[in-house]
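Hi everyone, thanks for coming. Have a look at the sequence and the model on the screen, and then I'll walk you through a few spots.

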Amino acid sequence: MPPIPGSGLAKGLAVTLRTMTKRTVTAQYPDVQPELPPRTRGVIGLFEENCTVCMLCARECPDWCIYIDSHKETVPPAAPGGRERSRNVLDRFAIDFALCMYCGICIEVCPFDALFWSPEFEYAETDIHELTHERDKLREWMWTVPEPPALDPGAEEPKEIAAARKTADKLQAQEAQEAQEARQAQATSEAQQAQESPEAQQTQESQQGRAAEQPGRTEEQEGQE
């Protein structure tokens with residue numbers, strides 16, 4: 001069905017009229033902080049412990065505003081006879097927010113969850129060179145990162161959690177089976193001891209009887225002599 005002529009103009013005028021009738025409110029910033037959405041893209045926080053210096057975020061950044069320096073260290077073998085390994089140690093991680101366009105590519109491509117969005121936005125500087133923030137500042141912003149939203153109750157369980165749960169259930173079942181086998185072995189051992197105890201008692205009584213008869217025989221032998 002073709003649209004009615006002038007319907008678009010009528011919708012636009014309706015929006016204008018609704019806006020005109022609303023009361024204008026001035027945000028009293030900075031005395032009153034704005035209410036930001038929970039996943040606001042303010043700045044980027046760095047969780048340094050998860051960074052492996054893979055350089056993937058720096059390579060994928062379209063503005064080349066991420067600067068990373070590192071060096072290699074030799075790690076001794078974990079067990080005797082093993083071989084030494086080398087690992088990258090982070091020396092510098094800085095982001096130039098004068099160049100950053102907040103596309104979020106670095107956060108999306110990070111394979112180890114080392115970068116997160118923080119809603120902090122008050123980091124204006126008088127000098128543009130001071131907008132390059134080092135890893136210490138990025139780490140401070142990390143603690144302002146909000147918790148992720150709750151999962152949909154009807155959503156599929158994440159693969160990582162499902163795998164961990166499956167492994168835990170398998171270990172629990174194995175431990176229960178080992179405990180049951182141990183109880184069965186203990187019960188079998190107690191039953192064998194219970195069966196062997198009458199025989200041992202009879203053997204002990206017969207030995208005692210023989211020991212009691214031995215002196216009588218000796219006296220008879222002495223009398224004959």
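Let's start with a quick one: where does Trp64 lie? Trp64 is in the loop between H2 and E2. Keep in mind as we go that this is a predicted model. Is Trp64 buried or exposed? Trp64 has a relative accessible area of 60%, so with exposed meaning over 50%, Trp64 is exposed. There's also something to notice in its backbone: phi of Trp64 is near 55°, which is positive, and this isn't a glycine.

Met55 does a similar thing, with a positive phi near 70° in a residue other than glycine. You'll find Met55 in the loop between E1 and H2. Its relative accessible area is 29%, and that makes Met55 partly exposed. Why point these out? Most residues other than glycine have a negative phi, and most peptide bonds are trans. On that second point, look at Tyr29 and Pro30: they are joined by a cis peptide bond, with omega at about 10°. Pro30 sits in the loop between helix H1, residues 7-21, and E1.

Okay, on to the inside. The largest nonpolar core has 26 residues, and the ones that touch the most other members are Ile44, Ile66, Ile68, Phe93, Ile95, Phe97 and Leu115. Several elements each supply at least two residues of this core, including strand E2 (66-75), strand E3 (85-96) and helix H4 (135-142). Take Ile68 as an example. Leaving aside neighbours within four places in sequence, Ile68 is in contact with Val53, Met55, Cys57, Ala58, Leu90, Arg92 and Phe93. So there's our Met55 again, as one of the contacts of Ile68.

Now, holes! Rolling a probe the size of a water molecule over the atoms shows where empty space is left. How many cavities of 30 Å³ or more does the structure hold? Two. The largest holds about 80 Å³ of space. It's lined by 13 residues, and the closest to its centre are Cys51, Cys54, Cys57, Cys110 and Ala114. That lining divides into 11 nonpolar residues, two polar and no charged.

The second largest cavity has about 60 Å³ of space. Among the residues lining it are Ile44, Ile66 and Ile95, along with Cys61, Cys100 and Tyr102. Ile44, Ile66 and Ile95 should sound familiar from the core. Here the lining splits into 10 nonpolar, one polar and one charged.

Next, Ile105, in helix H3, residues 105-109. With 29% relative accessibility, Ile105 counts as partly exposed. Beyond its neighbours within four places in sequence, Ile105 is in contact with Glu60 and Pro62. Glu60 is 45 residues away along the chain, but the C-alpha atoms of the two are separated by 7.0 Å.

Last stop, the aromatics. There are seven aromatic pairs in the structure. In one of them, the rings of Phe47 and Trp143 have centres 6.5 Å apart and planes at 85°, so the pair is edge-to-face. This pair links distant parts of the chain, 96 residues apart: Phe47 is in the loop between E1 and H2, and Trp143 in the loop between H4 and helix H5 (159-224). Phe47 is partly exposed at 23% relative accessibility, while Trp143 is exposed at 57%. And there's one aromatic cluster formed by Phe97, Tyr102, Trp117, Tyr123 and Trp141.

That's my tour, thanks for listening!

Note on methods:
Residues are numbered from 1 along each chain as its sequence is written. This is a predicted model: local features need pLDDT of at least 70, side-chain atom pairs count only at pLDDT 80 or more; totals for chains, interfaces and linings use all residues. Side-chain values use heavy atoms; hydrogens and water are left out. Helices (H or I, at least four residues) and strands (E, at least two) are DSSP runs, numbered from the N terminus. Buried means under 20% relative accessible area, exposed over 50%, partly exposed in between (1.4 Å probe, protein chains only). Contact means heavy atoms within 4.5 Å. On a 1 Å grid over the protein atoms alone, a cavity is a set of points where a 1.4 Å probe fits but cannot get out, and a pocket is an open set with protein on both sides within 12 Å along at least five of seven lines; lining residues have an atom within 4 Å of a point. Grid points are joined across faces, edges and corners, and a volume is the space filled by probe spheres set on the points. Ala, Val, Leu, Ile, Met, Phe, Trp, Tyr, Cys and Pro count as nonpolar, Asp, Glu, Lys and Arg as charged, and the others, Gly among them, as polar. A nonpolar core is a set of buried Ala, Val, Leu, Ile, Met, Phe, Trp, Tyr and Cys residues joined through side-chain atoms within 4.5 Å. Rings of Phe, Tyr and Trp (its six-membered ring) pair if their centres lie within 6.5 Å; planes under 30 degrees apart count as stacked, over 60 as edge-to-face and the rest as tilted.
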